[in-house]
Amino acid sequence: MLIRSRRSWEMAERDATPEPVYRDRRRLVQAMAAGPILLPSLAGALLGGGPARAAEDDPSARMYPAMRNLRYRLDRPVTDEKQATTYINFYEFGSHKSVAGPAQALKIRPWTVTFDGMVEKEKTVDIDDLLGAMKPEERLYRHRCVEAWSMAVPWTGFPMQDLVAYARPLSGAKYVVMQTFKDPAMAPGQKQFWYPWPYVEGLTMAEATNELALMGTGLYGKPLPRQNGAPLRLVVPWKYGFKSIKSIVRFTFTDKRPVSFWEKIQAAEYGFWANVNPEVDHPRWSQATEEVLGMGKRVPTLLYNGYADQVAGLYKGMEGEKLFM
Ligand code: MTE
């Protein structure tokens, strides 16, 4: 009998509705007992999230809400907005989960974005000019952190392939390197000298131009809150969340593979590729399952976070690489 089974990321639109969230203190206590996660502690999370300041002072607010692209669907309810905007990793503002409050110090205008390296012509553009040149859309994506928790959120943004076309890289460019701002006076986490600031991440050109790679500018039908990486962040849902660099100021095209922020800190635990795979454990914990924030339960993790149809082909013939960490 032929049974048409839905792909894991497909879901009836009526199912993709927010659900009330409850904070599972026990999960956090268990996580803390299991030892440090990315690096330092989860202790701040127990104290509750900071304020999620609305982005009402953001001149791009009129772009929202954008039309949802129905091609991208979920297999679980959308995470409660409060949870997704208060349970945060943004080390520039502190190495714990309650940085939503401190991140309100992020000054998002004026904001410029530089395109340099192997491009036809280097340029620095104002963020609002860049946003004006792009066509925003909303997509429902899963978001899987290497710490084994996940969310499902409605991002607004534009395809990264449009940003690459805008940058006009030379044909010899093999990677795009992204960089977060560096301003320790504004972001006190950057005074922690043992981290290799600024935060840097990279993708191959094939990854950056894959249909799933999104430049995030909004969340829940509004401009991105500062703590989630305003005004411009990467969203690559088939990779662990640390690849999705926040608050980007520079895109550099190069033929040399970059060493990214977490790889510099601990290469044995965090690599360049960082594709999600339930069968490849983190050296200190299993990646087989994940805690879906707000659902209060663990679910099996999916290969490439459920996006294998779109991205597995990128890695054909690369078996020698550490593709999953
Ligand atoms: N980008 C910067 N600049 N600084 C960070 O600390 N944390 C990463 C990623 N991007 C981080 C970052 C990690 S570890 C994760 S899981 C995601 O952002 C979290 O995104 P969210 O807080 O919007 O859920």
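In the predicted model, the second largest cavity is lined by Val146, Tyr240, Phe242, Glu269, Val280, Asp281, His282, Pro283, Gln287, Phe324 and Met325. By class, this lining comprises 7 nonpolar, 2 polar and 2 charged residues. The volume enclosed is about 70 Å³. In total, 5 cavities of 30 Å³ or more were counted.

The largest cavity, with a volume of about 320 Å³, is the space taken by the ligand. Its lining consists of 26 residues, and those nearest the centre of the cavity are Asn89, Arg233, Gly241, Ser244 and Lys246. Strand S4, spanning residues 149-159, makes the greatest contribution to this lining, supplying 4 residues. The lining of the largest cavity divides into 17 nonpolar, 6 polar and 3 charged residues.

Around the ligand itself, a shell of 17 residues was identified, with Tyr91, Glu92, Arg233, Ser244 and Lys246 as the closest. This shell contains 8 nonpolar, 6 polar and 3 charged residues. Arg233, Ser244 and Lys246 are thus named both among the residues closest to the ligand and among those nearest the centre of the largest cavity.

Polar contacts to the ligand involve backbone as well as side-chain atoms. A backbone N or O atom of Tyr91 is placed 2.7 Å from a ligand oxygen atom, while a polar side-chain atom of Glu92 lies 2.8 Å from a ligand nitrogen atom. In the side chain of His143, an N or O atom is 2.9 Å from an oxygen atom of the ligand. Of the 530 Å² of accessible area that the ligand has on its own, 100% is covered by the protein.

Note on methods. Residues numbered from 1 in each chain as written. Predicted model: local features only at pLDDT ≥ 70, side-chain atom pairs only at ≥ 80, totals over all residues. Heavy atoms only, no water. Near = heavy atom within 4 Å. Polar contact = N/O pair within 3.5 Å; in protein donor to acceptor, adjacent residues only side chain to side chain. Areas by Shrake-Rupley, 256 points an atom, 1.4 Å probe, with all protein chains shown as cover. 1 Å grid on protein atoms, 1.4 Å probe; cavity = no way out; pocket = protein on both sides within 12 Å on 5 of 7 lines; lining within 4 Å. Sits in = over half its atoms within 2 Å of the grid points. Nonpolar A, V, L, I, M, F, W, Y, C, P; charged D, E, K, R; others polar. Points joined across faces, edges and corners; volume = space filled by probe spheres on them. Helix = DSSP H or I, 4+ residues; strand = E, 2+ residues; numbered from the N terminus.
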